[in-house]
Amino acid sequence: MPGDYKTLKQSAQDEFIVNKSRFIGYACPCETEEEALSFLRRIREKHRDATHNCYAYVIGENAGIMRYSDDGEPGGTAGLPMMEVIKARGVVNCCVVVTRYFGGVLLGAGGLVRAYTKGCAIALNAAQVVRMSASRRLLLDVPYPLWDRVSYALKSLPVLLEETRFAASVEAALLIRQENVTDVTNKLTALTDGKAEFLPAEELYYPWPEEE
């Protein structure tokens, strides 16, 4: 499987006002440039009466496509600062649009850069940056007397307990980053004196929280 990369969990928006100008930041995960342009069109249509709809998008796990626009703002004060925020966060396959309704007070070049930088940052935060990591789902079978011990251990291990079923034994579905599978299974095997059984279910990419 390819390497890890960071992208957005969902579409979201946030906004703020500075010197009477309203800035609305929108962010959306996009797998292709066509999806990014479609998102941009939707925002432009929604805010046809806005003063500016500036944007930046990065497509491809290796950031092969990078585009941005000041949409009428002074050169270098909107699209480029937004792109710098995206690059600094290391996010790909995303599009950010910052819509501005002019409030009658000029912000100056420095003020515009700060406003569009903030607009992009709050949009990314609202959409939640996640790390897409090669992961494996494992089915864990544990005898009842050992389950409390295993359940307690899982809280401190880098795993996501997706489901638990109580049948003849305890059956749990675990999601683990590929890089952690060996370490986790070894620890659980040692903890249960080899009585825990593991059945690999599937490999997949999963959006783990950025801070994890």
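**Exercise 1. Determine how far strand β4 is covered in this predicted model, and which way its residues point.**

Solution. Begin with the count for the strand: β4 is mostly covered, since 8 of its 8 residues are buried, a term that stands for under 20% relative accessible area. Next, sort the residues by direction: H52, C54, A56 and V58 point one way from β4, whereas N53, Y55, Y57 and I59 point the other way, and all are buried.

**Exercise 2. Place β4 within its sheet, and name the strands that stand at the edges.**

Solution. The first step is the strand order, which in this open sheet of 5 strands is β2-β3-β6-β4-β5, with antiparallel pairing. The edges are then taken by β2 (12-18) and β5 (65-69), and because each has a single partner strand, one side of each is left without a neighbour in the sheet. As for the twist, neighbouring strands of this sheet are turned by 15° against each other on average, direction ignored.

The second step is to look at the partners of β4. In general, strands of a sheet pair through backbone hydrogen bonds, either parallel or antiparallel. Strand β4 (residues 52-59) pairs with strand β6 (residues 94-101) in the antiparallel sense over 7 bridges, and C54 stands opposite V98 in β6. Towards β5, there are 5 bridges that join it to β4, again with the two strands running antiparallel, and the bridge partner of Y57 in β5 is R67. In the hairpin of β4 and β5, 5 residues lie between the strands, and G60 takes a positive phi near 105°.

**Exercise 3. Find which helices lie across β4, and at what angle each runs to β4.**

Solution. Take helix α1 (residues 33-46) to begin with: α1 lies across β2, β3 (21-29), β4, β5 and β6, and runs at about 165° to β4. Helix α2, in turn, lies across β4, β5 and β6, running at about 35° to β4.

Now ask which residues of α2 are buried, and what they pack against. The buried residues of α2 are G79, P81, M82, M83, V85 and I86, and these buried residues pack against β4, β5, β6 and α3 (108-127). After the helix, α2 is followed by G90, whose phi is positive, near 70°.

**Exercise 4. Decide whether E84 is buried, partly exposed or exposed, and relate E84 to A56.**

Solution. First locate the residue: E84 has its place in helix α2 (residues 79-89). Then apply the cut-offs: because a relative accessible area of 39% falls between 20% and 50%, E84 is partly exposed. Finally, E84 and A56 are 28 residues apart in sequence, and their C-alpha atoms are 9.3 Å apart in space.

**Exercise 5. State how many disulfides the structure has, and examine C94 and C95.**

Solution. A search of the whole structure finds 0 disulfides, for which two cysteine sulfur atoms would have to be within 2.5 Å. C94 is accordingly in no disulfide, and the nearest cysteine sulfur, that of C95, is 7.4 Å away. C95 is likewise in no disulfide, with the nearest cysteine sulfur, that of C30, 5.3 Å away. As a last step, consider exposure: C94 is buried, with a relative accessible area of 0%, and C95 is also buried, with a relative accessible area of 0%.

Technical notes. Residues numbered from 1 in each chain as written. Predicted model: local features only at pLDDT ≥ 70, side-chain atom pairs only at ≥ 80, totals over all residues. Heavy atoms only, no water. Helix = DSSP H or I, 4+ residues; strand = E, 2+ residues; numbered from the N terminus. Buried < 20%, exposed > 50% of the residue type's maximum accessible area, 1.4 Å probe, protein only. Pairing = 2+ DSSP bridges. Axes fitted to C-alpha atoms, helices over the stretch in contact; angles between N-to-C directions. Contact = heavy atoms within 4.5 Å.
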